[in-house]
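The following paragraphs lead through a single protein chain, from the pairing of its strands to its interior and its surface. Please keep the sequence and the structure in view while reading.

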Amino acid sequence: MGIGIFRKPYTIRRFQPQKITGGYAVSAYTDTAALLNVQPLTPNELQAIPEGERSVKLLKAFGDLPLTAADQQSGTPGDWLWYYGRWYKCVSASQWDHTLLAHCEAQFAAVPENESPQNLLPPQTETEAAE
């Protein structure tokens, strides 16, 4: 039961385990809508990231939907976020459920352009128009 006053609808893409098709790792996926508060990382947060990774566009998101990062053991990619015409992949996610303002906090990095074209298709939900 988090505070939703600053949240907007965004598309989250959830993947199934990967398969190799046409030389690319591809996964079946489902697009779903989620109410999130999405923000760029602050300068202080960027300082904690290794210098070589600071050039990648990074975002943080807060919401009630439990988000997941990639699971290398099962070969399942992490959740993706559609933000202003571009996909971002979840690189870390934490559930904060020890207070009345329980929520999920996740960090996202821009998906590289050499990702499988099938995975880069725009969202299949109504939320894409809201952004």
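How many bridges join strand β1 to strand β4, and in which sense do the two strands run? In this predicted model, β1, which spans residues 8-15, is joined to β4, residues 29-40, by 8 bridges, and the two strands run antiparallel. One position at which this pairing can be located is T11, whose bridge partner in β4 is A33.

Strand β4 also pairs with β5, residues 58-63. This second pairing is likewise described as antiparallel and extends over 5 bridges. Here P40 may serve as the point of reference, as its bridge partner in β5 is L59.

These strands belong to a protein with 8 strands and 1 helix. Along the sequence, the elements follow the pattern β-β-β-β-α-β-β-β-β. Among contacts with a separation of 6 or more, 62% are accounted for by residues 24 or more positions apart.

The interior may be considered next. Of the 131 residues in the protein, 34% are buried. The largest nonpolar core holds 16 residues, and those that touch the most other members are L36, V38, L59, L81, Y83, Y88 and F108. Two or more residues of this core are given by each of β1, β4, β5, β6 (80-83), β7 (86-96) and β8 (103-110). The largest share, 4 residues, comes from β8.

Which residues does V38 touch, leaving aside those up to four places away in sequence? The residues in question are Y10, L59, K60, A61, L81 and Y83. Of these, L59, L81 and Y83 are also listed with V38 among the core residues that touch the most other members. Apart from this core lies another, of 5 residues, which include F15, W80, W82 and V111.

The last feature to examine is the largest pocket. Rolling a probe the size of a water molecule over the atoms reveals where empty space remains. The largest pocket contains about 220 Å³ of space. Its lining consists of 14 residues, and Q18, P77, W80, K89 and E115 are those that lie nearest its centre. W80 thus appears in two settings, as a member of the 5-residue core and as a residue of the pocket lining. Strands β3 (24-26) and β7 each supply at least two residues of the lining. Classified by residue type, the lining has 8 nonpolar, 4 polar and 2 charged residues.

Note on methods. Residues are numbered from 1 along each chain as its sequence is written. This is a predicted model: local features need pLDDT of at least 70, side-chain atom pairs count only at pLDDT 80 or more; totals for chains, interfaces and linings use all residues. Side-chain values use heavy atoms; hydrogens and water are left out. Two strands pair if DSSP finds at least two bridges between them. A nonpolar core is a set of buried Ala, Val, Leu, Ile, Met, Phe, Trp, Tyr and Cys residues joined through side-chain atoms within 4.5 Å. Buried means under 20% relative accessible area, exposed over 50%, partly exposed in between (1.4 Å probe, protein chains only). Contact means heavy atoms within 4.5 Å. On a 1 Å grid over the protein atoms alone, a cavity is a set of points where a 1.4 Å probe fits but cannot get out, and a pocket is an open set with protein on both sides within 12 Å along at least five of seven lines; lining residues have an atom within 4 Å of a point. Grid points are joined across faces, edges and corners, and a volume is the space filled by probe spheres set on the points. Ala, Val, Leu, Ile, Met, Phe, Trp, Tyr, Cys and Pro count as nonpolar, Asp, Glu, Lys and Arg as charged, and the others, Gly among them, as polar.
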